Amino acid sequence: MIQFVANHDDLSTDKGFQFKFYCDKCRNGHMSRFLPNKIGIAGELMRAAGSLFGGSFYDAGTAAYHVQRAIGGKAHDDALETAVQEGKTYFKQCTRCGHWVCPDVCWNHTAGLCEDCAPDEHEELAAQQRQAAREQIHTKTREQDYTQNLDFLGTASLAQCPNCQSKLAAGQKFCPGCGTASVAAQPRGKFCGDCGAAVKPEQKFCAECGSKQ
């Protein structure tokens, strides 16, 4: 039976054997102790060197075969079995999903299952509260009108002097061309001095009596 099938890296070289095992949930890991390869290394590597440097390029495949033999075979299998037995002491296997997880972060000790299958109630509650708060913030910020004071049509930039029709910048009280007070600065409710009729700021003559304003 092979353990840690999907969650380990084989770091073995011609010098020896070493393996990394990972938690299936958070990817925390454990690296096994390095085990020197004392059996068959010298002979296999010598044969590999002879195939590669003493023969033709055709023998490169044979050299690779001898290198593989140096790090494979029974010595490699025994080292892997030793590393698996060592690694199993650092992980727990969930009987529900079969995943190997680290006991400190991803294991629910009360339920005897991994936290994917049996989440911690307090952690899950805190996570759901933060998720709900994030969704509520998203909703409330969209309900707020942040653009009510923006001039989308650009009408402020289209203001003109009532006297010379020069363009006025937003907030200007007097025309830079002729000095006439802008519409915004002129008092509302202006009346003709002769007849008392209402006169608009842009009128040059009274519409009732014709008097110059």
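Contact here means heavy atoms within 4.5 Å. On that basis, helix α3 lies across strands β1, β3 and β4 in this predicted model, and the helix runs at about 35° to β3.

**Overall composition**

The secondary structure of the chain comes to four helices and nine strands. Read from the N terminus, the elements follow the order β-β-β-β-β-α-α-α-β-β-β-β-α. Of the 213 residues in the chain, 25% are buried. Among contacts with a separation of 6 or more, 30% link residues that are 24 or more positions apart.

**The sheet beneath α3**

Strands β1, β3 and β4 form an open sheet in the order β1-β3-β4, with antiparallel pairing. Its edge strands are β1 and β4, each of which pairs on one side only. On average, neighbouring strands of this sheet are turned by 15° against each other, direction ignored. The pairing of β1 with β3 is antiparallel and extends over three bridges; His 8 stands opposite Phe 21 of β3.

The residue ranges of the elements in this arrangement are as follows.

| Element | Residues |
|---|---|
| Strand β1 | 8-10 |
| Strand β3 | 19-22 |
| Strand β4 | 29-31 |
| Helix α3 | 73-88 |

**Helix α3**

Helix α3 has 16 residues and reaches 23 Å from its first C-alpha to its last, close to the 22 Å expected at 1.5 Å a residue. Buried positions in α3 are His 76, Ala 79, Ala 83, Val 84, Glu 86 and Gly 87. Viewed down the axis of α3, the buried residues fall within an arc of 165°, so they line one face of the helix. The face turned away from this buried side carries Lys 74 and Glu 81, which are exposed.

**His 30, in strand β4**

His 30 is found in β4, one of the edge strands of the sheet. Buried means under 20% relative accessible area; His 30 has a relative accessibility of 15% and therefore counts as buried. Its side chain is joined to that of Glu 86 by a polar contact of 3.0 Å, and Glu 86 is among the buried residues of α3.

Leaving aside residues up to four places away in sequence, His 30 touches Phe 19, Lys 20, Phe 21, Glu 86, Gly 87, Tyr 90 and Phe 91. Of these neighbours, Phe 21 is the residue of β3 that stands opposite His 8, while Gly 87, like Glu 86, is buried in α3.

Technical notes
Residues numbered from 1 in each chain as written. Predicted model: local features only at pLDDT ≥ 70, side-chain atom pairs only at ≥ 80, totals over all residues. Heavy atoms only, no water. Helix = DSSP H or I, 4+ residues; strand = E, 2+ residues; numbered from the N terminus. Buried < 20%, exposed > 50% of the residue type's maximum accessible area, 1.4 Å probe, protein only. Polar contact = N/O pair within 3.5 Å; in protein donor to acceptor, adjacent residues only side chain to side chain. Expected span 1.5 Å × (residues − 1). Arc of directions from axis to C-beta. Pairing = 2+ DSSP bridges. Axes fitted to C-alpha atoms, helices over the stretch in contact; angles between N-to-C directions.
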